[in-house]
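User: Got a minute to walk me through this one? I'd like to start with the surface and then poke at a few spots.

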Amino acid sequence: MVSKSKLSSFSIEELQTFREKVLQATSKEELLEVIDSVIKKKEADLTTSMNSKFPVDWFNIDQDYIELLHDNGINNLAQLRSIKEEDLWKLQGMTQNGYSQISWARDFFDMTPIERIKPSKRDPMTVAKVIVKHANECSKKHPNI
């Protein structure tokens, strides 16, 4: 039996997507194969993405908050981005100021927009435009940082 409390940590959208996949599966084995392949891809992304190569030590936030991340087993941006933003509050030792700085760094240093550029189109001007757009979006989301 699945624990209801564990399922309640998922968003409505995530649960609806999961429910859809369960209904589409023709067997338990097929569903497990799909889940396992998604898990493997996410694990690979944590070790091969640009975000995985970006240590939290490079964040320009207070050293206390970098230590807070390390104390919670978070050493790179990919690990930090794997945590839902609202779950940052669950990190041991989190404060309001820590949340503000860490959530800003989590968004600001995200390399995903650059990775989405096809390698053949990843010229300096295109990358610069994507970075400026991303910085502007972060500025709107985090106006006090």
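Analyst: Sure. The accessible surface of the protein chain is about 10,400 Å², and 57% of that belongs to carbon and sulfur atoms. Keep in mind that this is a predicted model.

User: What fraction of the residues counts as buried?

Analyst: 28% of the 145 residues in the protein chain.

User: And the fold, how many helices and how many strands?

Analyst: Eight helices and zero strands. The C-alpha atoms fill a box of roughly 50 × 45 × 25 Å along the principal axes. Looking at contacts with a separation of 6 or more, 53% are between residues 24 or more positions apart.

User: OK, let's zoom in on α4. Which residues are buried there?

Analyst: Y65, I66, L68 and L69. They cover an arc of only 155° around the axis, so they sit on the same side of α4.

User: What covers them?

Analyst: The cover for the buried residues of α4 includes α5 (77–81) and α6 (96–108).

User: Which exposed residues are on the face turned away from that buried side?

Analyst: D64 and D71. Also, just after α4, G73 has a positive phi of about 80°.

User: Switching to the loop before that helix. S52: buried or exposed?

Analyst: S52 is buried, because its relative accessible area is 13%, under the 20% cut-off. The residue is in the loop between α3 and α4. A polar atom of the S52 side chain lies 2.6 Å from the backbone oxygen of S49.

User: And K53, buried or exposed?

Analyst: K53 is exposed: its relative accessible area is 54%, and the cut-off is over 50%. K53 lies in that loop too, between α3 (28–48) and α4 (63–71).

User: How far apart are K53 and N76 in space?

Analyst: 6.8 Å, C-alpha to C-alpha, with their positions 23 residues apart in sequence.

User: New topic. Which residues form a nonpolar patch on the surface?

Analyst: L7, F10 and L15, with about 240 Å² of accessible area together.

User: Where does L15 lie?

Analyst: In helix α2, which spans residues 12–24.

User: Why does L15 count as partly exposed?

Analyst: Because its relative accessibility is 32%, which falls between the 20% limit for buried and the 50% limit for exposed.

How values were computed: Residues numbered from 1 in each chain as written. Predicted model: local features only at pLDDT ≥ 70, side-chain atom pairs only at ≥ 80, totals over all residues. Heavy atoms only, no water. Helix = DSSP H or I, 4+ residues; strand = E, 2+ residues; numbered from the N terminus. Buried < 20%, exposed > 50% of the residue type's maximum accessible area, 1.4 Å probe, protein only. Patch = residues over 30% accessible without salt bridge, like charges linked within 9 Å, V, L, I, M, F, W, Y side chains within 5 Å. Areas by Shrake-Rupley, 256 points an atom, 1.4 Å probe, with all protein chains shown as cover. Salt bridge = Lys/Arg side-chain N within 4 Å of Asp/Glu carboxyl O. Polar contact = N/O pair within 3.5 Å; in protein donor to acceptor, adjacent residues only side chain to side chain. Contact = heavy atoms within 4.5 Å. Arc of directions from axis to C-beta.
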